[in-house]
Amino acid sequence: MNTIRLAGTDLEISEIGLGGIPIIALPKNEAVSVVKHCFDLGITFFDTANMYQTSEEKIGTALAGVRDKVVIATKTAQRDAKETAAHIDLSLQQLKTDWIDIYQLHNVSNQEALQQALAPQGAYEAARKARDAGKIRYIGISSHSIPTALEALKTGLFQTLQFPFNFIENDPANELFPLARQQNVGIIGMKPLGGGLLERADLCFGFLQQHPDVVPIPGMRAKKEADEIIGLYANPKPLTETDLKDMENIRSVLGERFCHRCEYCMPCEQGVQIPSVLIFQAAAKRLSREGVTAWLGKAMESVEECLECGECEEKCPYNLPISDLLKENLALFKEYS
Ligand code: SF4
Ligand code: SF4
């Protein structure tokens with residue numbers, strides 16, 4: 001496994017990391033075994049979050065004996081200082097470590113969230129104090145919104161940026177990553193497999209290998225998945241003409257129905273949680289039934305409030321047929337649960 005130095009930091013990490021969502025669904029011993037397997041195959045970068053339920057605990061258990069050989073990133077979705085400080089201490093405990101390498105403000109995807117996090121007594125202040133105290137090394141941010149992420153980068157306060165990036169969601173290559181590079185901010189690519197919707201790993205990672213300073217963090221919930229993905233890095237193959245055509249076909253089929261979670265459609269006056277509803281199918285592929293219901297149950301119920309007013313569709317830059325997608329996802333959810 002090749003390593004790279006993550007821009008904005010002095011961290012040397014494997015060229016791909018492990019994303020901590022899918023192991024939520026595994027029993028602890030199995031999850032620990034998958035994480036250890038990834039480490040044995042050369043992965044030294046592990047990303048998780050307070051919000052990912054048991055993920056920190058499982059990663060902490062798996063890596064306790066090799067802590068000084070790995071880089072651990074985690075996140076909080078809290079926006080105020082007190083709650084963030086409590087989350088940092090909880091993460092340290094669950095990860096069984098004295099320090100967190102990268103602490104990220106999680107899903108800062110609109111103006112309000114960014115302002116709250118950066119305000120006095122906000123999450124950033126707690127992260128800065130924790131950095132001063134040696135509990136964390138670098139402060140990062142994760143987002144699904146290009147305008148919000150651009151604004152965050154311009155503050156110069158963050159050393160890393162985590163953003164969705166795959167061959168369907170490739171706008172950041174031109175609209176966001178150039179500024180990150182200019183600001184010397186390390187780029188972490190979440191959702192390299194489209195959150196589970198893209199099934200051709202060879203195409204996904206062939207595309208990502210064209211952007212070697214973006215470190216993808218695929219979630220892997222079985223050793224054979226790890227073997228396949230890590231194998232694509234051990235023997236990288238350039239994309240062929242046929243691959244490019246296949247990507248274009250997938251893009252044109254999925255692109256008309258693929259929610260980028262940018263939240264431009266929000267808020268809905270009826271309280272419909274549009275982006276959460278539209279990730280249902282991807283979530284159902286990666287998590288257990290109980291996990292999906294606990295996470296998205298309320299969002300799915302909110303669809304019943306939709307008046308089909310069409311306001312969200314006017315705001316969606318990808319022209320998604322949101323009303324239809326909401327109904328389809330609700331019907332699938334009812335069948336599934
Ligand atoms: S169509 Fe439904 S989800 Fe969209 S804004 Fe109107 S009520 Fe909200
Ligand atoms: S429905 Fe459209 S506007 Fe709303 S989050 Fe998805 S892509 Fe963005």
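This report describes a predicted model, starting with its sheet and going on to its ligands, its ring pairs and two unusual points in the backbone.

**The sheet**

An open sheet is built from 8 strands, with parallel pairing. Read across the sheet, the strand order is S3-S4-S5-S6-S7-S8-S9-S10. The edges are taken by strand S3 (18–19) and strand S10 (214–216). Each of these has a single partner strand, so one side of each has no neighbour in the sheet.

The contact at the S10 edge can be followed residue by residue. Strand S9 covers residues 186–190 and runs parallel to S10, to which it is joined by 3 bridges. One residue pair there is glycine 189 with its bridge partner in S10, proline 216.

**Two ligands and the spaces they occupy**

Rolling a probe the size of a water molecule over the atoms reveals where empty space remains. In this structure there is 1 cavity of 30 Å³ or more. The largest cavity has a volume of about 90 Å³, and its space is the one taken by ligand 2. Ligand 1, in contrast, sits in a pocket, the second largest. That pocket has a volume of about 200 Å³.

The table sets out the two linings.

| Space | Volume | Lining residues | Nonpolar | Polar | Charged |
|---|---|---|---|---|---|
| Largest cavity | about 90 Å³ | 15 residues | 12 nonpolar | 1 polar | 2 charged |
| Second largest pocket | about 200 Å³ | 17 residues | 10 nonpolar | 3 polar | 4 charged |

Which residues lie nearest the centre of the largest cavity? They are Cys259, Cys262, Cys265, Cys316 and Leu320. Helix H12 (residues 274–278) supplies the largest share of this lining, 3 residues. The shell around ligand 2 itself has 13 residues, and the nearest of them are Cys259, Cys262, Glu263, Cys265 and Cys316. By class, this shell has 10 nonpolar, 1 polar and 2 charged residues.

For the second largest pocket, the residues nearest the centre are Cys268, Glu269, Gln270, Cys309 and Glu311. Two elements give two or more residues to this lining: helix H15 (311–315) and helix H16 (322–336). H15 gives the most, with 3 residues.

The residues that surround ligand 1 include Cys268, Cys306, Cys309 and Cys312. Also around ligand 1 are Gln270, Val272, Ile274, Leu307, Glu308, Gly310, Ser323 and Leu326. By class, the shell is made of 8 nonpolar, 3 polar and 1 charged.

**Aromatic pairs**

The structure contains 6 aromatic pairs. To describe a pair of aromatic rings, one gives the distance of the centres and the angle of the planes. How are the rings of phenylalanine 205 and tyrosine 233 placed? Their centres are 5.8 Å apart and their planes stand at 70°, so the pair counts as edge-to-face. The pair links distant parts of the chain, as its two residues are 28 residues apart. Phenylalanine 205 belongs to helix H9 (residues 201–208), while tyrosine 233 belongs to helix H10 (residues 223–234).

**Two backbone details**

Most residues other than glycine have a negative phi, and most peptide bonds are trans. Two places in this model depart from these habits. Arginine 261 is not glycine, yet its phi is positive, near 55°. This arginine lies in the loop between H11 and H12.

Where is proline 267 found? Proline 267 is in the loop between helix H11 (241–255) and H12. The bond that joins methionine 266 to proline 267 is a cis peptide bond, with omega about -5°.

Note on methods
Residues are numbered from 1 along each chain as its sequence is written. Chains are lettered from A and ligands numbered from 1 in the order in which they are written. This is a predicted model: local features need pLDDT of at least 70, side-chain atom pairs count only at pLDDT 80 or more; totals for chains, interfaces and linings use all residues. Side-chain values use heavy atoms; hydrogens and water are left out. Two strands pair if DSSP finds at least two bridges between them. Helices (H or I, at least four residues) and strands (E, at least two) are DSSP runs, numbered from the N terminus. A residue is near a molecule or strand if one of its heavy atoms lies within 4 Å of it. On a 1 Å grid over the protein atoms alone, a cavity is a set of points where a 1.4 Å probe fits but cannot get out, and a pocket is an open set with protein on both sides within 12 Å along at least five of seven lines; lining residues have an atom within 4 Å of a point. A molecule sits in a cavity or pocket if more than half of its atoms lie within 2 Å of its grid points. Ala, Val, Leu, Ile, Met, Phe, Trp, Tyr, Cys and Pro count as nonpolar, Asp, Glu, Lys and Arg as charged, and the others, Gly among them, as polar. Grid points are joined across faces, edges and corners, and a volume is the space filled by probe spheres set on the points. Rings of Phe, Tyr and Trp (its six-membered ring) pair if their centres lie within 6.5 Å; planes under 30 degrees apart count as stacked, over 60 as edge-to-face and the rest as tilted.
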